[in-house]
Amino acid sequence: MVVGAADANASARPAPQTTAVPASIAQFRRPPAPPRAPEAIYVRTCGYCHGAHVAPIIRGRGLPAEMVELYVRTGPRGMPAFRPTEISPAELKALAVWVSQSKADPNERAPLDPIPAATKERAQ
Ligand code: HEC
């Protein structure tokens with residue numbers, strides 16, 4: 001595919017179809033929710049795994065905000081990805097900065113070692 005050629009045809013493309021929502025349905029639409037505070041998202045969503053014996057501790061490590069954003073959108077390996085409808089772009093920006101600058105919480109717990117200590121002792 002030639003990218004430049006596709007762009008040259010852009011003006012010839014029909015305008016995207018928009019589906020008008022009848023007023024009878026539109027009245028039930030909720031107004032967009034205000035952005036949630038980063039800490040609230042962290043506690044409710046990230047803290048389900050991070051610092052709760054499941055996923056690595058991410059607070060107090062000065063992780064780059066860009067890295068946090070990348071993990072949240074792509075969800076590598078054992079982590080789920082979060083869509084913009086779940087964590088809005090503005091919320092994610094603020095969350096990533098908050099995680100990056102947050103202090104370590106002494107109550108958080110790293111993932112449990114999957115190999116019980118007794119098994120390790122036997123192996124020695
Ligand atoms: C269902 C559990 C779960 C949830 C919820 C979750 N994560 Fe994760 N996350 C993981 C796992 C597991 C990893 C380790 C993936 C790997 O092997 O690199 C991870 C890795 C990360 C890393 C890289 C840490 C490192 O040391 O390499 C960041 C940053 C991160 N998550 C941010 C977040 C944020 C921010 C949220 C909340 C929006 C979140 N995660 C929600 C499971 C989760």
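Which residues surrounding the ligand are the closest? Some notes on that and the rest of the fold, keeping in mind that this is a predicted model.

1. **The ligand shell.** The closest residues are C46, C49, A55, G78 and M79, out of 23 that surround the ligand. Sorted by class, the shell has 19 nonpolar, three polar and one charged residues. Among the helices, α4 (65-74) and α5 (89-101) each bring at least two residues to it. The largest share, four residues, is supplied by α4.

2. **The annotated domain.** An unreviewed UniProt entry lists residues 34-99 as "domain: Cytochrome c". In the model, that span is 42% helix and 0% strand, and its end C-alpha atoms are 20 Å apart.

3. **The nonpolar core.** The largest nonpolar core has twelve residues, including I41, Y42, C46, I58, I87 and L92. Helices α3 (38-44), α4 and α5 each give two or more residues to this core, and the largest share, four residues, belongs to α5. As background, nonpolar side chains in soluble globular proteins tend to be buried together. Note that C46 turns up twice, as a core member and as one of the closest residues to the ligand.

4. **Two sides of α4.** Which residues of α4 are buried? They are V68, Y71 and V72. Looking down the axis of α4, its buried residues fall within an arc of 95°, so they line one face of the helix. E66 and T74 are exposed and sit on the face turned away from that buried side. Just after the helix, G75 has a positive phi of about 55°.

5. **Where α4 meets α5.** The buried residues of α4 pack against α5. To see this pairing on screen, try A96: leaving out residues up to four places away in sequence, A96 touches A65, V68 and E69. Both A96 and V68 are also members of the twelve-residue core.

6. **A52 in its loop.** A52 lies in the loop between α3 and α4. Is A52 buried, exposed or in between? A52 counts as partly exposed because it has 14 C-beta neighbours inside 10 Å, where 20 or more would make a residue buried and 12 or fewer exposed. Apart from neighbours within four places in sequence, A52 is in contact with G47 and R109. R13 is another matter: A52 and R13 are 39 residues apart along the chain, and their C-alpha atoms are separated by 51 Å.

Definitions and conventions:
Residues are numbered from 1 along each chain as its sequence is written. This is a predicted model: local features need pLDDT of at least 70, side-chain atom pairs count only at pLDDT 80 or more; totals for chains, interfaces and linings use all residues. UniProt positions are given in the numbering used here, feature names are shortened, and annotations may be inferred rather than shown by experiment. A residue is near a molecule or strand if its C-beta atom, placed from the backbone, lies within 6 Å of it. Ala, Val, Leu, Ile, Met, Phe, Trp, Tyr, Cys and Pro count as nonpolar, Asp, Glu, Lys and Arg as charged, and the others, Gly among them, as polar. A nonpolar core is a set of buried Ala, Val, Leu, Ile, Met, Phe, Trp, Tyr and Cys residues joined through C-beta atoms within 7 Å. Two residues are in contact if their C-beta atoms, placed from the backbone, lie within 7 Å. The arc is that of the directions from the helix axis to the C-beta atoms.
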